[in-house]
Amino acid sequence: MQSQLHNIPTVPSCLHEQNLLNQGYNWVIGLDEVGRGSLAGPVMVGAAIIGQSQVEAKTMPEGLADSKLLTEHRRKALYEPLQSWCSAWAVGSCTNKEIDEWGISYALGVAALKAIASAQEQLAKRYVNDPIAGQRFAAILDGPCDYIDNVANTFDAPDVPFAVKVNTLVKADRQCASVAAAAVLAKVTRDELMVSLANKPEYAPYDWAHNKGYGSLAHRNAIKENGPSDLHRLSWHL
């Protein structure tokens, strides 16, 4: 897929998903990442599967948008409605140590494949009386680069139950409801993890409850004073 950067909507729709369904795919998986540029904690990729029923019913939760345009309160409010709206969803992750070992692009690919595999397994369980074997999956990945196919079938990559045709789309989180859903689900999942970690004494100085591991001034000053923790990405310039 190609996208022009002008005239990109701020409210997503299911137009791109419908186009893929019209091409003979049974399911569309929206994919988006969170935590790529964080100094600490994991990187995560959300996967949200929708099908013809969601597209035809036009039941996208009200207020869904690119997660970066939403307040933290609004993202949390959307979290449960999005879980109910998707046919299946999952969030895959890679640790800071895996990022240091593999590099961020490879780690993103592994995290995405974990999310896809988990979401497909959930979907198969949901339709156990109507098997989805033989059905076709397409994915819409936010951004210009396909970091999934570059990792698939490598030693560390998890297998996925059903083959997926990956399509990249710039600003997909603003255009595609499935991708926006994946972004919000991943963002809330990661934010909650970083807040829970911030409550532990060994991580309290880094103020992750507020910066979620990103490079705020307070976070960088804490690294200067205390050094990096075991959850910091040592391959980053800290």
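These legends describe close-up views of a predicted model.

**View 1. The annotated domain, residues 26-238.** An unreviewed UniProt entry places the feature "domain: RNase H type-2" at residues 26-238. Over this stretch, helix makes up 42% of the chain and strand 17%. The C-alpha atoms at the two ends of the stretch are 45 Å apart.

**View 2. The aromatic pair of Tyr-79 and Trp-89.** Six aromatic pairs are found when the whole structure is searched. In one of them, Tyr-79 and Trp-89 meet edge-to-face, with 6.0 Å from centre to centre and 75 degrees between the planes. Tyr-79 belongs to helix α3 (residues 72-85), and Trp-89 to strand β3 (residues 88-94). The two residues are ten residues apart, and the pair links distant parts of the chain. Tyr-79 has a relative accessible area of 17%, so Tyr-79 counts as buried. Trp-89 is also buried, because its relative accessible area is 17% and the cut-off for buried is under 20%.

**View 3. The aromatic pair of Trp-102 and Tyr-106.** The ring centres of Trp-102 and Tyr-106 lie 5.3 Å apart. Their planes stand at 70 degrees, so this pair is edge-to-face; the class requires an angle over 60 degrees. Trp-102 has a relative accessibility of 23% and therefore counts as partly exposed.

**View 4. A cluster of rings at Tyr-203, Tyr-206 and Trp-208.** Ring pairs join Tyr-203, Tyr-206 and Trp-208 into a cluster.

**View 5. Arg-136 over the ring of Tyr-25.** The charged end of Arg-136 is placed over the ring of Tyr-25. The distance from this charged end to the ring centre is 4.1 Å.

**View 6. Arg-233 over the face of Trp-236.** Here the ring belongs to Trp-236, and Arg-233 lies over its face. The distance to the ring centre is 5.3 Å.

**View 7. Asp-66 and its contacts.** Asp-66 is part of the loop between α2 (52-57) and α3. Its relative accessible area is 1%, so Asp-66 is buried. Apart from neighbours within four places in sequence, Asp-66 is in contact with Asp-173 and Arg-174. With Arg-174 there is a polar contact between the two side chains, at 3.5 Å.

Conventions
Residues are numbered from 1 along each chain as its sequence is written. This is a predicted model: local features need pLDDT of at least 70, side-chain atom pairs count only at pLDDT 80 or more; totals for chains, interfaces and linings use all residues. Side-chain values use heavy atoms; hydrogens and water are left out. UniProt positions are given in the numbering used here, feature names are shortened, and annotations may be inferred rather than shown by experiment. Helices (H or I, at least four residues) and strands (E, at least two) are DSSP runs, numbered from the N terminus. Rings of Phe, Tyr and Trp (its six-membered ring) pair if their centres lie within 6.5 Å; planes under 30 degrees apart count as stacked, over 60 as edge-to-face and the rest as tilted. Buried means under 20% relative accessible area, exposed over 50%, partly exposed in between (1.4 Å probe, protein chains only). A charge sits over a ring if NZ of Lys or CZ of Arg is within 6 Å of the ring centre and within 35 degrees of the ring normal. A polar contact is a pair of N or O atoms within 3.5 Å; within protein, one must be able to donate a hydrogen and the other to accept it, and residues adjacent in sequence count only if both atoms are side-chain atoms. Contact means heavy atoms within 4.5 Å.
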